[in-house]
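Got your viewer open? Here's a tour, stop by stop, with something to select at each one.

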Amino acid sequence: MISRRLCLFAFMGLLAVLGCAKFELKAESGFAMPWNGFLEQAGSGKTDLLDRSNFRAYFIPTAGYEFFQEHLIEVSIIHFSVNSSLEATGTESLITYESMFRQDALSVTYRYALPVLDRFSLQLGVQGRLLFKQIDLTGSEQYSRKMTDFGFGPAADIKLKMNDQVFVALEVATGLGKGNGFIDFYAGLHFEGPFYYVRAGSRYWSLTNSFDGDRLFLSFVSLGAQFCAYF
């Protein structure tokens, strides 16, 4: 009897919370340019991984709930892979090889909206990312590694109001894990409507990792747009 009452109270509480919540569906799409990438193996030099001219499209779907206009929880799925053909000068001959990097990530973000100050608004919170990564080198250079890691750190969303519909937006998320770190930085214009917003700007995505003592560094400069709808 007591367990049934507890379940009933929990169900009623959940309905009350959902009644005060808005469902958020967000998508971001654009183009990313590899900026820098190398692999540093223990006891050897650096191996380049990315060709800067290798542009790629990306798409990030996000679902979330906004509670009481103060609390926001978002879940994102992030995937990208980059293939490059590279050359390097060895001691005696030209070295040619293929590079493939793939990353899949599940990201969960919580942010709390602080009271608005004149034209300035701020959301502060935390973000966790479960990361699945793989790197393969074939040809003159041979290398293959996979890793799974979890990164956790602070997140912030800052808006400066220009008029009733237009804001300058800054979104930052950083985290650290075991042999892993990420910096996700977004800056651009934010256009807001009654049930939606659209953002257009640039994002700098930086990743550092460790594969069994080998150091991997990757960074991307991205240009895209976000669209968000509330239900």
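Which residues have the most contacts inside the largest nonpolar core? Select Leu49, Phe80, Ile135, Trp205, Leu216, Leu218 and Phe220, and you have them. The core has 27 residues. Before going further, keep in mind that this is a predicted model.

Now colour by element around that core. S1, S3, S4, S5, S6, S7, S10 and strand S11 (214–230) each give two or more residues to it. S4 gives the most, with four residues.

Stay in the core and pick Ile135. Leaving out residues up to four places away in sequence, Ile135 touches Leu49, Met100, Phe101, Tyr143, Ser144, Arg145, Phe211 and Leu216. Two of the names from the first selection, Leu49 and Leu216, turn up in that list.

**Zoom out**

Show the whole chain as a cartoon. You should find one helix and eleven strands, with the order from the N terminus running α-β-β-β-β-β-β-β-β-β-β-β. Of the 231 residues, 40% are buried. Take the contacts between residues at least 6 apart in sequence: 59% of them join residues at least 24 apart.

**Along the strands**

Select residues 56–67 and 71–89, which are strands S3 and S4. They pair in the antiparallel sense over six bridges, and Tyr65 stands opposite Ile73 in S4. The two strands form a hairpin with three residues between them. Click on Phe68 in the turn: its phi is positive, at about 55°.

Next, add residues 94–113, strand S5. S4 and S5 are also antiparallel, pairing over 19 bridges. To get your bearings on this pair, find Glu74, which stands opposite Thr109 in S5.

While you're on S5, stop at Ser107. Is Ser107 buried or exposed? It is buried, with a relative accessible area of 3%. Beyond its neighbours within four places in sequence, Ser107 is in contact with Glu74, Val75, Ser76, Ile78, Gln127, Gly128 and Arg129.

**The enclosed space**

Switch on cavities. The structure holds one of 30 Å³ or more, and about 240 Å³ of space lies in the largest cavity. Which residues lie closest to its centre? Select Ser76, Gln127, Glu171, Asp184 and Arg203, out of 22 that line the cavity. Ser76 and Gln127 are also among the contacts of Ser107.

Strand by strand, the elements giving two or more residues to this lining are S1 (21–40), S3, S4, S5, S6 (120–139), S7 (143–161), S8 (166–177) and S10 (196–211). Colour the lining by class and you'll get eight nonpolar, six polar and eight charged residues.

**The open pocket**

For the last stop, show pockets. About 760 Å³ of space lies in the largest one. Its lining has 34 residues, and those nearest the centre are Glu66, Ser121, Gln123, Lys159 and Glu192.

At least two lining residues come from each of S1, S4, S5, S6, S7, strand S9 (180–192) and S10. Which element supplies the largest share of this lining? That would be S6, with four residues. Colour by class once more: the pocket lining splits into 14 nonpolar, six polar and 14 charged residues.

Terms used
Residues numbered from 1 in each chain as written. Predicted model: local features only at pLDDT ≥ 70, side-chain atom pairs only at ≥ 80, totals over all residues. Heavy atoms only, no water. Pairing = 2+ DSSP bridges. 1 Å grid on protein atoms, 1.4 Å probe; cavity = no way out; pocket = protein on both sides within 12 Å on 5 of 7 lines; lining within 4 Å. Points joined across faces, edges and corners; volume = space filled by probe spheres on them. Nonpolar A, V, L, I, M, F, W, Y, C, P; charged D, E, K, R; others polar. Core = buried A, V, L, I, M, F, W, Y, C linked by side-chain atoms within 4.5 Å. Buried < 20%, exposed > 50% of the residue type's maximum accessible area, 1.4 Å probe, protein only. Contact = heavy atoms within 4.5 Å.
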